[in-house]
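Reader: Before I rely on the labels attached to this model, I would like to see each of them set against its criterion. Could you show me the structure and then take me through them?

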Amino acid sequence: MDNNASKVSKNVRKQNNFVKAVIITVSVIVVMVGLLYAFRNPIINLLFRPDNVDHSSIFGSVDPDDEAEENYNVVLSEDVFNFLIVGRDRAASLTDVAMLVNFNVADSTVRIMQIPRDTYVSYDNYWYHKINGVYSYYVDDKAEDSELEGIAGYAKFLEKNLCVKIHYYAMMDLDQFVNIVDALGGVEIDVPIDMKYNDPNQNLKINLKAGKQTLTGAQSEMFVRYRSTFAQGDIGRVNMQKVFMAALFKSVQENVNITNIGTLCGIVVENLSTNMSTTDMIYFANVAFKLNLKNVIFMTLPGQAAPGADGLSYYNMNRKAALDYVNGYFNIYDTPITDEIFDVDHVFDSGTYIYDSETVEGIVYDAEMLNEGDELPPT
């Protein structure tokens, strides 16, 4: 490449970086102003209401009589939305945090179902069978936005197999949540037990004392990663993450203000991969700020841990209970999802499929309950 061509290339890169910086800055300002205005004026919900939302059926014709697609084209409400929210470990490119979130704007309710990272799945004869690897499988390095391609593929994977319509998806690196907690001034949590663990190989050192305290971002990471003495291992950690998320909801509602909202918006806009527009984020954030914490419900994808044939530990989905959860909390259509079409390819079947007809309806926790500490999930 001659000198002139090299200079042109460098100038183009500088211009692209400048344009990107301008776009990010403008986006931060728009989100910040929009959120601040939203707190003071409920009419923002009318102005920023999501449009062009795809509520169409996620199914083709799955019944012999070809009526299924029509059956699943009628939605219960235009104000019900499902999200896939994941947190990624950048070092390993694994999504160790994954949640399906149902947001019923009309009823002001949020249902959050955590999907354990060790959940067994099989897809396209791929060698890795834990659900935290699905994102990496769908990443296309040649795509303009490879991260968005990965999370979009993950969403389609869940849509097809769990029969849950997903309108929006978003992913953030897990290390950024430390910065969010610090920007909020910390999160108050009653740590249930002394948490102490040291693993030099992971550069992980956890040292928290039991009792009510305000955790910094780094301490919050210790809290959500700890599982050493939990009888239920990783499920115990998943349950403590419920406690943390409930406290985080409360902290956001109480502590976001004009002095920290710019920092928070900057972290979100610069580090979030999502198909949501800026106005969509403003709309949902406005509704979320007004939620009664009793209407924020947490649950875990039903199942149980068991060793796999390859010697690794897996979490095997309870098919019947999971279908109950889907129909009870995440089905946007007025027609129930049937067993015949749920996980039709058995991608969640490790060979020890659990068909438990016992209801798990009562194993849910609301954010108010968790914050008050009246009833904590088992660890």
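Author: A salt bridge here is a side-chain nitrogen of Lys or Arg within 4 Å of a carboxyl oxygen of Asp or Glu, and by this rule the count comes to eleven salt bridges. This is a predicted model, in which local features need pLDDT of at least 70 and side-chain atom pairs count only at pLDDT 80 or more, while totals for chains, interfaces and linings use all residues. Residues are numbered from 1 along each chain as its sequence is written, and side-chain values use heavy atoms, with hydrogens and water left out.

Reader: What makes R88 and E147 a salt bridge?

Author: The closest N and O atoms of R88 and E147 are 3.0 Å apart, and the rule asks for a nitrogen and a carboxyl oxygen within 4 Å, so the pair qualifies. R88 lies in strand β1 (residues 80-89) and E147 in helix α5, so the salt bridge ties together parts that are 59 residues apart in sequence. Helices (H or I, at least four residues) and strands (E, at least two) are DSSP runs, numbered from the N terminus; the protein chain has twelve helices and 13 strands.

Reader: Why is R88 called buried, and is E147 buried or partly exposed?

Author: Buried means under 20% relative accessible area, exposed means over 50%, and partly exposed is in between (1.4 Å probe, protein chains only). R88 has 5% relative accessibility and therefore counts as buried, whereas E147, with a relative accessible area of 24%, is partly exposed. Of the 379 residues of the protein chain, 45% count as buried.

Reader: How do you know that R117 and D234 form a salt bridge?

Author: Their closest N and O atoms are 3.7 Å apart, which satisfies the limit for a salt bridge. R117 lies in the loop between β3 (109-114) and α4 (134-138) and D234 in helix α8, so this pair ties together parts that are 117 residues apart in sequence. R117 counts as buried because its relative accessibility is 19%, and D234, at 11%, counts as buried too.

Reader: Which residues are linked with D234 in a network of salt bridges?

Author: The network links D96, R117, R227 and R237 with D234. Within it, the side chains of R227 and D234 meet at 3.8 Å, N to O, and R227, at 36% relative accessibility, counts as partly exposed.

Reader: Why is S251 called buried, and which residues does S251 touch?

Author: S251 has 4% relative accessibility and therefore counts as buried; its place is in helix α8 (residues 234-255). Contact means heavy atoms within 4.5 Å, and, not counting residues up to four places away in sequence, S251 touches L184, G186, V187 and V256.

Reader: What covers the buried residues of α7?

Author: The buried residues in helix α7 (residues 217-225) are G217, S220, M222, F223 and V224. Their cover includes α6 (176-184), β5 (187-191), β6 (195-199), β7 (204-208), β8 (211-215) and α8. Among contacts in the protein chain between residues at least 6 apart in sequence, 67% join residues at least 24 apart.

Reader: Is E149 buried or partly exposed, and where does E149 lie?

Author: E149 lies in helix α5 (residues 146-162), and because its relative accessibility is 40%, E149 counts as partly exposed.
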